[in-house]
Amino acid sequence: MKTVLITGCSSGFGRDTASYFLAQGWNVIATMRTPNADILPKSDKLRLIKLDVTDDASITAAIKDAGKIDVLVNNAGIGWLNAVEGTSMEVVRQIFETNTFGTIAMTKAVLPQFRAQGSGIIVNVTSAVTLKPLLLLAVYTASKAAIEGFTESMALELEPFNIQARIVLPGRAPTTQFGENARSLVKKEGGFPEAYSGLLEQVYTNFEQETPDMLTQSNDVAKAIWRAATDPSCPVRLPAGADAVALSS
């Protein structure tokens with residue numbers, strides 16, 4: 001049976017993707033900064049490994065501990081909603097360290113193994129925000145758009161080694177903790193500049209007008225990641241969720 005390693009499994013997309021792969025009978029290596037076995041189904045096919053994708057030593061140790069894997073899912077990420085003027089360079093670097101550099105570092109870490117075994121699939125989770133310019137998301141969008149360019153170009157150089165690279169683009173999923181974590185970070189960093197309060201109100205008004213059938217559910221993302229990992233005909237870019245599909249059409 002094949003093995004998948006998934007980053008960012010403590011909640012949301014990562015947790016539900018780990019559960020989905022387990023339900024399909026796969027061996028799952030679920031990684032998170034603070035491993036907690038209680039959040040995932042009990043299974044002899046599940047292993048939890050401590051991993052901080054912003055720490056090179058942590059990545060090296062996790063890859064060594066994981067052993068042979070067939071699929072890497074780069075899901076770990078940080079959300080952010082604020083004006084550029086209200087985003088410190090420290091926060092910019094923090095977001096890119098996880099969303100962008102962490103994904104690249106994890107990818108580099110598995111490539112020697114994938115080349116040696118002559119196969120492997122890398123699934124990078126980005127965001128549907130890259131499909132259309134949206135208010136107050138410049139920094140977050142930049143961190144995800146960079147990974148899309150990285151993945152599409154890298155896919156070409158990996159073809160001779162029978163290694164595939166794909167992108168899953170989730171839409172907005174308010175039922176996960178992702179948005180709440182982003183709001184907590186914004187509050188911690190001082191909130192929004194007063195000059196942009198009108199734009200912020202506009203964003204929240206747009207959120208309130210969204211209908212449930214046009215939002216992304218966590219299971220939509222898990223299924224899209226599954227397809228990216230198992231369907232040879234899957235496109236390089238795969239939207240996940242009704243809103244993401246609408247934006248991509």
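This report describes the strands, helices, selected residues and internal cavity of a predicted model.

## Strand 4 and its neighbours

Strand 4, which spans residues 71-74, is covered on both faces, with Val71 and Val73 buried on one side and Leu72 and Asn74 buried on the other. This arrangement can be read against a general pattern. In a regular strand the side chains alternate between the two faces of the sheet.

Strand 4 pairs with strand 1 (residues 3-6) in the parallel sense, over three bridges, and within this pairing Ile6 stands opposite Val73 of strand 4. Strand 4 is also joined to strand 5 (residues 120-125) by four bridges, again with the two strands running parallel, and here the bridge partner of Val71 is Ile121 in strand 5. Between strand 4 and strand 5 the chain passes through helix 3, and the resulting β-α-β crossover is right-handed.

## From strand 5 to strand 7

Strand 5 runs parallel to strand 6, to which it is joined by six bridges, and Ile122 is found opposite Ala165 of strand 6. Together with helix 4, strand 5 and strand 6 make up a β-α-β unit that is right-handed.

Seven of the eight residues of strand 6 are buried, so this strand is largely enclosed by the rest of the structure. Strand 6 also pairs with strand 7 (residues 237-240), in the parallel sense and over four bridges, and in this pairing Leu169 stands opposite Pro239 of strand 7.

## Helix 4 and the loops at its ends

Helix 4 covers residues 138-158, and its length can be checked against the expected rise: at 1.5 Å a residue, its 21 residues should span 30 Å, and because the end C-alpha atoms are 30 Å apart, the two values agree. The buried residues of helix 4 are Val139, Tyr140, Thr141, Ser143, Lys144, Ile147, Glu148, Thr151, Met154, Ala155 and Leu158, a list that includes the charged side chains Lys144 and Glu148.

The loops on either side of helix 4 each hold a residue with a notable backbone angle. Most residues other than glycine have a negative phi, and most peptide bonds are trans. Leu136, in the loop between strand 5 and helix 4, has a positive phi of about 65 degrees although it is not a glycine, and with a relative accessibility of 9% Leu136 counts as buried. Asn162, in the loop between helix 4 and strand 6, likewise has a positive phi, near 60 degrees, in a residue other than glycine, but Asn162 is partly exposed, with a relative accessible area of 41%.

## Contacts between distant parts of the chain

Several buried residues can be described together with a partner that is remote in sequence. Val186, which belongs to helix 5 (residues 178-188), counts as buried at 4% relative accessibility, and the C-alpha atoms of Val186 and Leu81 are separated by 7.3 Å although the two residues are 105 residues apart along the chain.

Leu46 lies in strand 3 (residues 46-50) and is buried, its relative accessible area being 15%, which falls under the 20% limit for that class. From C-alpha to C-alpha, Leu46 and Ala18 are 8.6 Å apart in space, while in sequence they are 28 residues apart. Ala62, a residue of helix 2 (residues 56-66), counts as buried at 4% relative accessibility, and its C-alpha atom is separated by 9.9 Å from that of Met106, which is 44 residues away along the chain.

## The internal cavity

Rolling a probe the size of a water molecule over the atoms shows where empty space is left. A search of the whole structure finds one cavity of 30 Å³ or more, and the volume of this largest cavity is about 30 Å³.

The residues lining the largest cavity are Thr7, Val53, Asn74, Asn75, Ala76, Thr98, Gly102, Thr103 and Met106. Among them, Asn74 is also one of the buried residues of strand 4, and Met106 is the residue whose C-alpha atom is 9.9 Å from that of Ala62. Helix 3 (residues 89-117) provides the largest share of the lining, with four residues. By class, the lining is made up of three nonpolar and six polar residues, with no charged residues.

Methods
Residues are numbered from 1 along each chain as its sequence is written. This is a predicted model: local features need pLDDT of at least 70, side-chain atom pairs count only at pLDDT 80 or more; totals for chains, interfaces and linings use all residues. Side-chain values use heavy atoms; hydrogens and water are left out. On a 1 Å grid over the protein atoms alone, a cavity is a set of points where a 1.4 Å probe fits but cannot get out, and a pocket is an open set with protein on both sides within 12 Å along at least five of seven lines; lining residues have an atom within 4 Å of a point. Grid points are joined across faces, edges and corners, and a volume is the space filled by probe spheres set on the points. Buried means under 20% relative accessible area, exposed over 50%, partly exposed in between (1.4 Å probe, protein chains only). Two strands pair if DSSP finds at least two bridges between them. A crossover is right-handed if, with the strands pointing away from the viewer, the path from the first strand over the helix to the second runs clockwise. The expected span of a helix is 1.5 Å times one less than its number of residues.
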